[in-house]
Amino acid sequence: AEPDTRSRAKILEEDDQDFINIKDVELLGKGACRGQGWQSGQWPLPQGRKSLKECAEKCKGTKGCVAFDLSNKESDKYDCLLLGHKDVLPASGLAAKCYVIRGARPVESTLAAPAAPTAKRTSKDNYPPSG
């Protein structure tokens, strides 16, 4: 029987290349997604532990999200961070991988300074105290 060294090498190689087959998602480079304005407005948006695919879908479903980075890999889950600024660059000093969504455009309203919170939240004072 063939030793399994070949398949193991293949897995390691794939992990290094981060072969992905998710529509409109491409690896921009090794490093966290940074660049001028990466903390503008509502960004970045941490999503907790996600797989590459889950993080990509989150980004696609979030208005103004143009990129995401993955870090702290454990099994197939990473810390998923969504970004929505214009000039995304991989900051190679940070241990992460930066992916971009092809065709996604930043949305100005998500990059604006957050508006003052509206007083729509119902106050909890009208509930009797517990205990």
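These exercises work through the disulfides, sheet, cores and rings of a predicted model.

**Exercise 1. The disulfides**

Find the disulfides and state which cysteines each one joins.

Solution.
- Step 1. Start with the bond itself. A disulfide is a covalent bond between the sulfur atoms of two cysteines.
- Step 2. Search the whole structure. The search finds 3 disulfides.
- Step 3. Name the partners. Cys 33 bonds to Cys 98, with the sulfur atoms 2.0 Å apart. Cys 55 is joined to Cys 80, S to S 2.0 Å. Cys 59 is joined to Cys 65, again with S to S 2.0 Å.
- Step 4. Write the pattern. With the bonded cysteines numbered in sequence order, the pairing reads 1-6, 2-5, 3-4.

**Exercise 2. Handedness and placement**

Which hand does each disulfide have, and which elements do Cys 33, Cys 98, Cys 55 and Cys 80 lie in?

Solution.
- Step 1. Take Cys 33 and Cys 98. The torsion about their S-S bond is about 110°, so this disulfide is right-handed. Cys 33 lies in strand 2 (residues 32-34) and Cys 98 in strand 7. The two are 65 residues apart, so the link joins distant parts of the chain.
- Step 2. Take Cys 55 and Cys 80. The value about the S-S bond is 80°, and the link is right-handed. Cys 55 belongs to helix 2 (residues 52-60), and Cys 80 to strand 5 (residues 77-83). The pair therefore ties together parts that are 25 residues apart in sequence.
- Step 3. Take Cys 59 and Cys 65. Their torsion is about -100°, so the disulfide is left-handed.
- Step 4. Check the surroundings. Cys 33 is buried, at 0% relative accessible area. Cys 98 is also at 0% and counts as buried. Cys 55 and Cys 80 are both buried. Both Cys 59 and Cys 65 are buried too.

**Exercise 3. The sheet**

Give the strand order of the open sheet of 5 strands, and say which strands stand at the edges.

Solution.
- Step 1. Recall how strands join. Strands of a sheet pair through backbone hydrogen bonds, either parallel or antiparallel.
- Step 2. Read the order. It is 1-7-4-5-3, and the pairing is antiparallel.
- Step 3. Find the ends. Strand 1 (25-30) and strand 3 (45-50) stand at the edges. Each has a single partner strand, so one side of each has no neighbour in the sheet.
- Step 4. Add the twist. From one strand to the next, the twist averages 25°.

**Exercise 4. The partners of strand 5**

How many bridges link strand 5 to strand 3, and how many to strand 4?

Solution.
- Step 1. Look at strand 3. Strand 3 pairs with strand 5 in the antiparallel sense over 5 bridges. Leu 45 faces Leu 82 of strand 5. Gly 48 stands opposite Cys 80, also in strand 5.
- Step 2. Look at strand 4. Strand 4 and strand 5 are antiparallel, over 6 bridges. Ala 67 has Leu 83 of strand 5 as its bridge partner.
- Step 3. Follow the hairpin. There are 2 residues between strand 4 and strand 5. In this hairpin, Ser 75 has a positive phi near 50°.
- Step 4. Judge the cover. Of the 7 residues in strand 5, 5 are buried, and the strand is mostly covered.

**Exercise 5. The cores**

Which residues have the most contacts inside the largest nonpolar core, and which element gives the most to this core?

Solution.
- Step 1. Describe the largest core. It has 16 residues. Those with the most contacts inside it are Val 25, Phe 68, Leu 70 and Leu 82.
- Step 2. List the contributors. Helix 2, strand 4, strand 5 and strand 7 each give two or more residues. Helix 2 gives the most, with 4 residues.
- Step 3. Turn to the second core. It is separate and has 7 residues, including Cys 33, Val 66, Val 88 and Cys 98.

**Exercise 6. The rings**

Is the aromatic pair of Phe 68 and Tyr 99 stacked or edge-to-face?

Solution.
- Step 1. Count the pairs. The structure holds 1 aromatic pair.
- Step 2. Read the geometry of Phe 68 and Tyr 99. Their rings are 5.2 Å centre to centre, with 10° between the planes.
- Step 3. Apply the cut-off. Planes under 30 degrees apart count as stacked, so this pair is stacked.
- Step 4. Place the rings. Phe 68 is in strand 4 (residues 67-74) and Tyr 99 in strand 7 (residues 96-101), 31 residues apart.
- Step 5. Check burial. Residues under 20% relative accessible area are buried. Phe 68 has 0%, so it counts as buried. Tyr 99 has 1%, so it is buried.

Notes
Residues numbered from 1 in each chain as written. Predicted model: local features only at pLDDT ≥ 70, side-chain atom pairs only at ≥ 80, totals over all residues. Heavy atoms only, no water. Phe/Tyr/Trp six-rings, centres within 6.5 Å; stacked < 30°, edge-to-face > 60°. Buried < 20%, exposed > 50% of the residue type's maximum accessible area, 1.4 Å probe, protein only. Disulfide = S-S within 2.5 Å. Pairing = 2+ DSSP bridges. Axes fitted to C-alpha atoms, helices over the stretch in contact; angles between N-to-C directions. Core = buried A, V, L, I, M, F, W, Y, C linked by side-chain atoms within 4.5 Å.
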